[in-house]
Amino acid sequence: MVFRKRRKIIPAKTPGELDAMQAAGEIVGKALQAVKAAATAGVSTLDLDKVAEDVIRGAGATPTFQGYQGFPASICVSINTEIVHGIPNDRTRVQTGDLVSIDCGATLDGWVGDSAWTFGVGGQEVLKPPAAALNEATEWVLMEGMKAMIPGNRLSDVSHALEQATRQAEQRWDITLGIVDGYGGHGIGRTMHEQPWLANEGRPGRGPLIQEGSVLAIEPMLTLGGVDSFVLDDGWTVVTADGSLAAHWEHTVAATATGPRILTPRYKITK
Ligand code: MG
Ligand code: MG
């Protein structure tokens, strides 16, 4: 008899492959910075998509999202009660005070970077206090959770760290947070979505081993309300079931001997 074993270890990339992934990831970072800079009141989400596509193609990469399972654009734009996978269009225009999540992927030399962030149109300071707290908390949860991305840990140690950080964030910001059910991070490399799937909560110590060179896209999706969501009739846009606000932060992260390495850094643009 032949038993098909589950993979016990998350595959490793070589240092050179991690550098190649970061080259793709830095383009994603630049695209996200450019989209945020362009996201002023009255701009359509389709215009934001063009900004991202120009940055990606201008850097010699291709927009990973375009055509992915039929997705028609280079970024996902998810506003306020939308969690992820919002489709850019020429009717939806961002407004001051909107909480906007941008998710973006770029493929360069056959390697993929995947990253997302959420910001307030007009700046973090114009967000209503609960929205600002949600956004700060979600970024913090990502940064805290990724600290578990170290060789020798198991997959669900990252999940557990994200959950623990979420519960700590509730205390720090004095808010109640929902961890969106059924959505999470993933392995990534030459394609965007690879095994294993990464839950944003769960018991520690389970799943495949993280080794030097293992890479995961880590992406907490949090709400100011419940954990339930549904998909709109467009077949893509995921919204909170209770109409609460949502935020989404994501980095592609490698486990290295010296700690977690963000492969999708967002350097400050000076101009
Ligand atoms: Mg993403
Ligand atoms: Mg992802």
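**Notebook: strand 4 and its surroundings**

I began at a turn: strand 4 and strand 5 form a hairpin with 2 residues between them, and aspartate 109 in that turn has a positive phi of about 50°. Strands here are DSSP runs of E of at least two residues, numbered from the N terminus, and two strands pair if DSSP finds at least two bridges between them.

A note to self on the source: this is a predicted model, where local features need pLDDT of at least 70 and side-chain atom pairs count only at pLDDT 80 or more, while totals for chains, interfaces and linings use all residues. Residues are numbered from 1 along each chain as its sequence is written, chains are lettered from A and ligands numbered from 1 in the order in which they are written, and side-chain values use heavy atoms, with hydrogens and water left out.

**Neighbours of strand 4**

I looked up which strands pair with strand 4 (residues 99-108). Strand 5 (residues 111-120) runs antiparallel to it over 10 bridges, with glycine 113 as the partner of alanine 106. Strand 2 (residues 75-79) is also antiparallel to strand 4, joined by 5 bridges; there valine 77 has isoleucine 102 as its partner. Strand 1 (residues 62-63) pairs with strand 4 in the antiparallel sense over 2 bridges.

Next I checked burial (buried means under 20% relative accessible area, exposed over 50%, partly exposed in between, with a 1.4 Å probe and protein chains only). In strand 4, 10 of its 10 residues are buried. Side chains in a regular strand alternate between the two faces of the sheet. Both faces of strand 4 are covered, with Ser101 among the buried residues on one side and Cys104 among those on the other.

**The metal site**

I then followed strand 5 to a metal. The magnesium ion (ligand 2) is coordinated by Asp114 (OD), His186 (NE2), Glu219 (OE) and Glu250 (OE), at 2.1 to 2.2 Å. Donors are N, O and S atoms within 2.8 Å of the metal (3.2 Å for Na, K and Ca), and sites may look incomplete because water is not among the atoms. Aspartate 114 lies in strand 5 and glutamate 219 in the loop between strand 9 (215-218) and strand 10 (221-223), so the pair ties together parts 105 residues apart in sequence. Aspartate 114 also bridges to the magnesium ion (ligand 1), 3.1 Å from ligand 2. I found aspartate 114 buried, at a relative accessible area of 2%, and glutamate 219 buried too, at 6%.

Technical notes: Helix = DSSP H or I, 4+ residues; strand = E, 2+ residues; numbered from the N terminus.
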